[in-house]
Amino acid sequence: MNDAVILRVGATPSAPALVLRPWSLQDAPALIKAYRDPYLRQWTSSPVDNAADAARWVHSQHAGWATGIRLDFAVLEEQPHVPEGQLAGSVVLKEAAPGKPTAEVGYWTAAHARGRGVAARALEALTGWAFDTFVATGLERLELLHQDDNLASCRVAQKTRYEFDRILPAAPPAFPRDGHLHVRHAG
């Protein structure tokens, strides 16, 4: 997979435009800052506490792009005073492989960007790109999973037309609580 993929989402009357691009080492300071948020940390499994953790995390995202197994995008809000944009979150496509009918999506939003539709707008862009890119190789549906007590993720799923499919039983340690499975079909 080409790691030069860049997706753009137009501004809304209440929110700036978004740029979705593969992660880079220049994102490390903003990534560390985002991971200081206790709310974000409760939903993520990879702590990023310092520069070494951030570099390791970014390198793992590069490896995901190289193998095509995990296509993770930094979500940046365009800002006139910040040429590269301000990190607002992450959105990821997992396991989109030729001949495989199902892939998974995921996302998180930095504390300063919550409540402004960043996750939903970024997920909608990723969803469209995923179907445009992978339907020809067999992708039929995308799955969105979240813990049942993550109400914000449930709202994002609903806003982006990922229909509730079923409750998934807890599977510790990765999923310590029951979860929701939401699905969106191609077309």
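## A buried aspartate

With a relative accessibility of 1%, Asp72 counts as buried, because anything under 20% relative accessible area is called buried. Keep in mind that this is a predicted model. Asp72 lies in strand 3, and its side chain makes a polar contact with the side chain of Trp23 at 3.1 Å.

What does Asp72 touch, once residues up to four places away in sequence are set aside? Its contacts are Arg21, Pro22, Trp23, Trp57, Gln61, Trp65, Ser90, Val91 and Val92. One of these, Gln61, is worth a visit next.

## Gln61, on helix 3

You'll find Gln61 in helix 3. Is Gln61 buried or exposed? Its relative accessible area is 2%, so Gln61 is buried too.

The side chain of Gln61 has polar contacts with two other side chains: Ser60 at 3.0 Å and Arg70 at 3.2 Å. If you ignore neighbours within four places in sequence, Gln61 is in contact with Trp23, Arg70 and Asp72. Trwo of those names should ring a bell: Trp23 and Asp72 share a polar contact between their side chains. As for helix 3 itself (residues 51-67), it lies across strand 2 (18-22), strand 3 and strand 4, and runs at about 120° to strand 3.

## Just before helix 3

Asn50 sits in the loop between helix 2 (38-43) and helix 3. Asn50 has a relative accessible area of 35%, so it counts as partly exposed. Its side chain reaches the backbone nitrogen of Ala52 at 3.1 Å.

How far apart are Asn50 and Ala113 in space? From C-alpha to C-alpha the gap is 21 Å, while along the sequence they are 63 residues apart.

## Strand 3 and its partners

Back to the strand that holds Asp72. Strand 3 is mostly covered, with eight of its 10 residues buried. On one pairing, strand 2 and strand 3 run antiparallel over five bridges, and Leu20 has Val75 as its bridge partner in strand 3.

Strand 3 (residues 70-79) also pairs with strand 4 (residues 82-94), again in the antiparallel sense, over nine bridges. These strands form a hairpin with two residues between them. Want to trace it by eye? Gln79 stands opposite Val82 in strand 4, and Ala74 stands opposite Ser90 in strand 4. In general, strands of a sheet pair through backbone hydrogen bonds, either parallel or antiparallel.

## The whole sheet

Now zoom out. Eight strands form an open sheet, and their order is 1-2-3-4-5-6-8-7, with mixed pairing. Which strands stand at the edges? They are strand 1 (7-9) and strand 7 (163-168), and each has a single partner strand, so one side of each is left without a neighbour in the sheet. From one strand to the next, the twist averages 30°.

## What fills the inside

The largest nonpolar core has 34 residues. Those with the most contacts inside it are Leu20, Phe73, Val91, Leu93, Leu123, Trp129 and Leu142. Several elements give two or more residues to this core: strand 1, strand 2, strand 3, strand 4, strand 5, helix 4, strand 6 and helix 5. Which element brings the largest share? That's helix 4, with 11 residues.

Leu123 is a handy place to look around. Not counting residues up to four places away in sequence, Leu123 touches Val91, Val105, Tyr107, Leu144, Val156, Thr160 and Tyr162. There is also a second, separate core of 16 residues, and its members include Trp23, Ala34, Val48 and Trp57. Trp23 and Trp57 have turned up before, among the residues that Asp72 touches.

## Helix 5 and its two sides

Helix 5 (residues 151-159) has a covered side. Ser153, Cys154, Val156 and Ala157 are buried there. Why do we say they line one face? Seen down the axis of helix 5, the buried residues fall within an arc of 160°, so they line one face of the helix. On the other side of helix 5, Leu151, Gln158 and Lys159 are exposed.

What covers the buried residues of helix 5? The cover includes strand 5 (102-109), helix 4 (118-134), strand 6 (141-147) and strand 8 (179-185). One of the buried residues, Val156, is also on the list of residues that Leu123 touches. After helix 5 comes Arg161, whose phi is positive, near 65°.

Definitions and conventions
Residues numbered from 1 in each chain as written. Predicted model: local features only at pLDDT ≥ 70, side-chain atom pairs only at ≥ 80, totals over all residues. Heavy atoms only, no water. Buried < 20%, exposed > 50% of the residue type's maximum accessible area, 1.4 Å probe, protein only. Helix = DSSP H or I, 4+ residues; strand = E, 2+ residues; numbered from the N terminus. Arc of directions from axis to C-beta. Contact = heavy atoms within 4.5 Å. Pairing = 2+ DSSP bridges. Axes fitted to C-alpha atoms, helices over the stretch in contact; angles between N-to-C directions. Core = buried A, V, L, I, M, F, W, Y, C linked by side-chain atoms within 4.5 Å. Polar contact = N/O pair within 3.5 Å; in protein donor to acceptor, adjacent residues only side chain to side chain.
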